[in-house]
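Hi everyone, thanks for making the time. Have a look at the structure on the screen, and I'll talk about empty space first and aromatic rings after that.

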Amino acid sequence: QSLTVRNCAVYGNAQYGVCWTDGYGTVQNSIVCADGAGSQAIRADRLVDCDYNDLYTTNGATVAAGQATLADWQSACPGQDMHSISADPLFVDPAGGDFHLKSTRGSYHDGAWTVDASSSPCIDAADPATAVDAEPQPHGGLRNLGAYGGTEQASKSSGMVYYVND
């Protein structure tokens with residue numbers, strides 16, 4: 001069996017953000033938030049393939065069992081999440097279920113583009129080999145992490161690479 005989590009935003013799960021206990025798992029271009037002591041962003045009992053993610057923990061949560069931080073996870077599991085970050089993803093309104101990323105160039109709020117005071121570190125942070133697809137201009141040439149990466153509702157980039165014919 002295998003589990004694939006790609007271009008997802010995982011937030012507010014009680015104990016585990018992403019969990020599999022049998023088979024092979026892939027987590028890519030996703031944002032996984034864990035909050036509270038005893039919570040883990042990732043629980044994997046077998047081989048995993050994880051990279052280009054935001055594994056964000058708060059209030060005593062850990063990235064994985066025995067690995068409190070992303071650096072601990074990377075050290076314990078060589079090759080895993082080597083291009084990942086661990087930073088507040090700056091969602092527009094996670095409590096209200098809005099997992100668009102804040103952007104000083106514009107993010108999608110209730111059907112309208114709005115300029116935010118700050119920009120998410122998850123903008124333009126996906127695997128460079130992943131297509132930008134329908135992301136609106138400016139998109140910096142790189143896909144965003146999370147549920148809206150690669151879609152017409154992806155938050156706009158302050159990156160300097162612009163493609164006119166997208």
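How many cavities of 30 Å³ or more does the structure hold? There is one, and please keep in mind that we are looking at a predicted model. The volume of this largest cavity comes to about 50 Å³. Its lining is made up of 15 residues, and those closest to the centre are Phe99, His100, Leu101, Leu145 and Tyr148. If you ask which element gives the most to that lining, the answer is strand E10, residues 98-101, with three residues. In terms of chemistry, nine of the lining residues are nonpolar and six are polar, with no charged ones.

Now, let's stay with Phe99 and move to the rings. The structure holds four aromatic pairs. In one of them, Phe99 meets Phe91 edge-to-face, with 5.1 Å from centre to centre and 90 degrees between the planes. Phe91 has 6% relative accessibility, so this residue counts as buried. Tyr11 joins in as well: ring pairs link Tyr11, Phe91 and Phe99 into a cluster.

Another pair I'd like to show you is Tyr108 with Trp113. Why do we call it edge-to-face? Because the planes stand at 70 degrees, over the 60 that this class asks for, while the ring centres are 5.3 Å apart. Is Trp113 buried or partly exposed? Its relative accessibility is 35%, so Trp113 counts as partly exposed. Trp113 has a charged partner too: Lys156 lies over the face of the ring, 4.6 Å from the ring centre.

That's my tour, and I'm happy to take questions.

Key
Residues numbered from 1 in each chain as written. Predicted model: local features only at pLDDT ≥ 70, side-chain atom pairs only at ≥ 80, totals over all residues. Heavy atoms only, no water. Phe/Tyr/Trp six-rings, centres within 6.5 Å; stacked < 30°, edge-to-face > 60°. Buried < 20%, exposed > 50% of the residue type's maximum accessible area, 1.4 Å probe, protein only. Lys NZ or Arg CZ within 6 Å of the ring centre and 35° of its normal. 1 Å grid on protein atoms, 1.4 Å probe; cavity = no way out; pocket = protein on both sides within 12 Å on 5 of 7 lines; lining within 4 Å. Points joined across faces, edges and corners; volume = space filled by probe spheres on them. Helix = DSSP H or I, 4+ residues; strand = E, 2+ residues; numbered from the N terminus. Nonpolar A, V, L, I, M, F, W, Y, C, P; charged D, E, K, R; others polar.
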